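Ready for a short workout with a protein model? Keep the viewer open and try each exercise before reading its solution.

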Amino acid sequence: MQNPKVNYQILLDQTLREIGKAEKPPTLLLHACCAPCSSYVLEYLSRYFAITLFYYNPNIESEAEFDKRFREVERLVAEMPMEHPVRVVRGTYEPERFYEEVARGYEHVPEGGERCFRCYRQRLTEAAQMAAEGAYDYFTTTLSISPLKNAQVLNAIGKELAETYGVGYLFSDFKKRGGYQRSIELSKIYSLYRQNYCGCIYSKREQEERASRGELGGCAACAAQAQCEENKK
Ligand code: SF4
């Protein structure tokens, strides 16, 4: 029998209630995949934390695309008002590492499968290491805002890495309570670039194949899944 799904938004609620009583905001190392996904998460969490936004995405299929997404992250942070200041750190672009540690042997696994779980792990491990070295109170990632990302797997990896590196992991599922919808609104307000594929070359090819069949993909597929009742709780 499968384990019941955990609602990680409820665990986040509990942590935020505890943090709300602290005199000084705790520090959070927040891994960011792109500006649209960061928008709602920053609006939400900058009320509670002093955030360092860590853009580490060796999965992205070209350096031009990596830079384009990063520039949008920087612009968003410069333009969006936030309660506590947010610092942005650009991670190294190392696509060979993505191929060696994540994709080799998993090139043909469809999006949402094992290759993606390995991709989550690679990015979260880098964030956990940086959080431990910088003595942050917590680390987490914006990735769970996407209805196409598996929050159960993401949070299980985060918990395991928290134990390995001795740093707090902020449980979260940012797509809940309309988080994904709000990210679409904020993307419109700040005219953010919204890519139509996840990031790696395999997701780009899958998107092109879906488009050639006239099927939904990328942000449109995300938006369709965000309508499901489970993502509203
Ligand atoms: S589809 Fe996205 S999450 Fe999955 S491996 Fe590619 S870049 Fe990573």
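The exercises below concern a predicted model and go from its sheet to its core and its ligand.

**Exercise 1. Work out the strand order of the open sheet and find its edge strands.**

Step 1. Begin with strand 1 (residues 27-32) and strand 2 (residues 50-55): they pair in the parallel sense over six bridges. As a landmark, look for A32, which stands opposite Y55 in strand 2.

Step 2. Move on to strand 3, which pairs with strand 2 in the parallel sense over five bridges. Here F54 stands opposite V89 of strand 3.

Step 3. Return to strand 1 and find strand 4 (residues 138-141), which runs parallel to strand 1 and is joined to it by four bridges. L30 has T140 of strand 4 as its bridge partner.

Step 4. Put the pieces together: the open sheet has five strands in the order 3-2-1-4-5, with parallel pairing. Its edge strands, each pairing on one side only, are strand 3 (86-90) and strand 5 (168-169).

**Exercise 2. Decide why strand 2 is largely enclosed by the rest of the structure, then trace the chain into strand 2.**

Step 1. Check burial, where the cut-off is 20 or more other C-beta atoms within 10 Å of a residue's own. Five of the six residues in strand 2 are buried, so the strand is largely enclosed by the rest of the structure.

Step 2. Follow the chain from strand 1 through helix 2 (residues 35-45) to strand 2; this β-α-β crossover is right-handed.

**Exercise 3. Identify the residues that touch the most other members of the largest nonpolar core.**

Step 1. The core has 54 residues, and those touching the most other members are L28, L29, L53, F54, V73, A127 and F139. Helix 5 gives the most to this core, with eight residues.

Step 2. Take L28 as an example. Leaving aside neighbours within four places in sequence, L28 is in contact with residues including L45, F49, I51, Y138 and L170.

**Exercise 4. Describe the shell around the ligand and say which helix gives the most to it.**

Step 1. List the surrounding residues: N59, E111, R115, C116, C119, C198, G199, C200, Y202 and S203.

Step 2. Sort them by type: five are nonpolar, three polar and two charged.

Step 3. Assign them to helices. Helix 5 (114-133) and helix 8 (201-212) each supply at least two shell residues, and helix 5 gives the most, with three.

Methods. Residues numbered from 1 in each chain as written. Predicted model: local features only at pLDDT ≥ 70, side-chain atom pairs only at ≥ 80, totals over all residues. Near = placed C-beta within 6 Å. Nonpolar A, V, L, I, M, F, W, Y, C, P; charged D, E, K, R; others polar. Pairing = 2+ DSSP bridges. Core = buried A, V, L, I, M, F, W, Y, C linked by C-beta atoms within 7 Å. Buried ≥ 20, exposed ≤ 12 C-beta atoms within 10 Å, placed from the backbone. Contact = placed C-beta atoms within 7 Å. Right-handed = clockwise from strand over helix to strand, strands pointing away.
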